[in-house]
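Please look over the model shown below with an eye to how the protein meets its DNA strands, and then to the contacts within the protein itself.

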Amino acid sequence: MRAPVTRLGRRFFARDALDVAPDLINKVLVVGASSGRIVEVEAYRSDDPASHTFRGMTSRNATMFGPAGHLYVYFTYGMHHCANISTGATGDGQGVLLRAIVALTGLDALRARRPGRPDRQLADGPGKLCQAFGLDRRHDGLDVTTDPVVRVVDDGAVPASRVTTRIGIRLGTDRPWRWLAEPTA
DNA sequence: ATTGGGATCGTCT
DNA sequence: GACGATCCCAATA
């Protein structure tokens, strides 16, 4: 008998990003028929010079300041999208960046969006996972706790994680706000 | 296995 | 007008 698969609700996300981030490790992101296990995340908060919300709300980052559990998808480097899930109280400007996902189902769609890549490398980076799952600015603001196509579920996997400092940023590099799933034996 | 440079454009200064 | 929460390929070892 297997553990029940339950969707993560508002309560899960309406906590501090530093608490939500480690709990997201080993949860499953579902986008339509495709899904994958979240194996790397980073937390970003408004008291954090590396965060998009550090200088206050703008039209781009508004979702981060909205209610918890909404997708914040932004475009960067002229060619990549990155996806976050807003956390904390409304008005707070914080969230968790999804950095890497291991594909589980709907592999055909994922492979089609990342041709020529081995399955391991379908979503092993923040830009890559958006490409694989087809996430872009149109998905910005979607409520992951109620949306029919995008959701995050708990399938009972143990959230064993390891912490490090964040990468790919210039400021705030000292904060140990990056979590990775322990490599499974 | 690791390193370094180039691509490309929306957003904010 | 500059830059970025990045990715990919080519070149080295």
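## Contacts with DNA and within the protein

In this predicted model, an N or O atom in the side chain of Asn 84 lies 2.4 Å from a base nitrogen of DNA strand C, a polar contact being a pair of N or O atoms within 3.5 Å; within protein, one must be able to donate a hydrogen and the other to accept it, and residues adjacent in sequence count only if both atoms are side-chain atoms. Because the model is predicted, local features need pLDDT of at least 70 and side-chain atom pairs count only at pLDDT 80 or more, whereas totals for chains, interfaces and linings use all residues; side-chain values use heavy atoms, with hydrogens and water left out. Residues are numbered from 1 along each chain as its sequence is written, and chains are lettered from A and ligands numbered from 1 in the order in which they are written.

**DNA strand C.** Asn 84 is one of the residues that come nearest to DNA strand C, together with His 80, Gly 127, Gly 168 and Ile 169, out of 21 residues around it; a residue is near a molecule or strand if one of its heavy atoms lies within 4 Å of it. Of the atoms of DNA strand C that come within 4 Å of the protein, sugar and phosphate account for 56%. Pro 126 uses a backbone N or O atom, which lies 2.9 Å from a phosphate oxygen of DNA strand C, while an N or O atom in the side chain of Tyr 44 is 3.4 Å from a sugar or linking oxygen of that strand. Helix H5 (126-133), strand E6 (94-105), E4 and E5 each supply at least two residues of this surface, and H5 gives the most, with three residues; helices (H or I, at least four residues) and strands (E, at least two) are DSSP runs, numbered from the N terminus. By class, the surface near DNA strand C has eight nonpolar, eight polar and five charged residues, where Ala, Val, Leu, Ile, Met, Phe, Trp, Tyr, Cys and Pro count as nonpolar, Asp, Glu, Lys and Arg as charged, and the others, Gly among them, as polar.

**DNA strand B and the hairpin.** The residues around DNA strand B include Arg 55, Arg 60, Phe 75, Tyr 77, Gly 78 and Arg 137, and by class this surface has three nonpolar, three polar and three charged residues. Sugar or phosphate makes up 69% of the atoms of DNA strand B within 4 Å of the protein, and the rest belong to bases. A polar backbone atom of Tyr 77 is 2.5 Å from a base oxygen of DNA strand B, and a backbone N or O atom of Gly 78 lies 3.4 Å from a sugar or linking oxygen. Tyr 77 takes a positive phi near 55 degrees in the hairpin of E4 and E5, which has three residues between the strands. Strand E4 (residues 71-76) and strand E5 (residues 80-87) pair in the antiparallel sense over six bridges (two strands pair if DSSP finds at least two bridges between them), and Leu 71 has Ile 85 as its bridge partner in E5.

**Salt bridges.** The model has 14 salt bridges, each a side-chain nitrogen of Lys or Arg within 4 Å of a carboxyl oxygen of Asp or Glu. The table gives some of them.

| Pair | Closest N to O |
|---|---|
| Arg 45 and Asp 16 | 3.0 Å |
| Asp 119 and Arg 111 | 2.9 Å |
| Arg 138 and Asp 136 | 3.1 Å |

The side chains of Arg 45 and Asp 16 meet in a salt bridge; Arg 45 lies in the loop between strand E3 (34-44) and helix H3 (62-65) and Asp 16 in the loop between helix H1 (10-13) and helix H2 (17-24), so the pair ties together parts that are 29 residues apart in sequence. Arg 45 is buried at 17% relative accessible area, and Asp 16 is partly exposed at 25%, with buried meaning under 20% relative accessible area, exposed over 50% and partly exposed in between (1.4 Å probe, protein chains only). Both residues belong to a network of salt bridges that also links Asp 47 and Arg 175. Arg 138 is exposed at 68%, whereas its partner Asp 136 is buried at 18%.

**Cysteines.** The count of disulfides, pairs of cysteine sulfur atoms within 2.5 Å, is zero. The sulfur of Cys 82 is 5.9 Å from the closest cysteine sulfur, in Cys 130, which is too far for a bond. Cys 82 is buried at 7% relative accessible area, and Cys 130 is buried at 2%.
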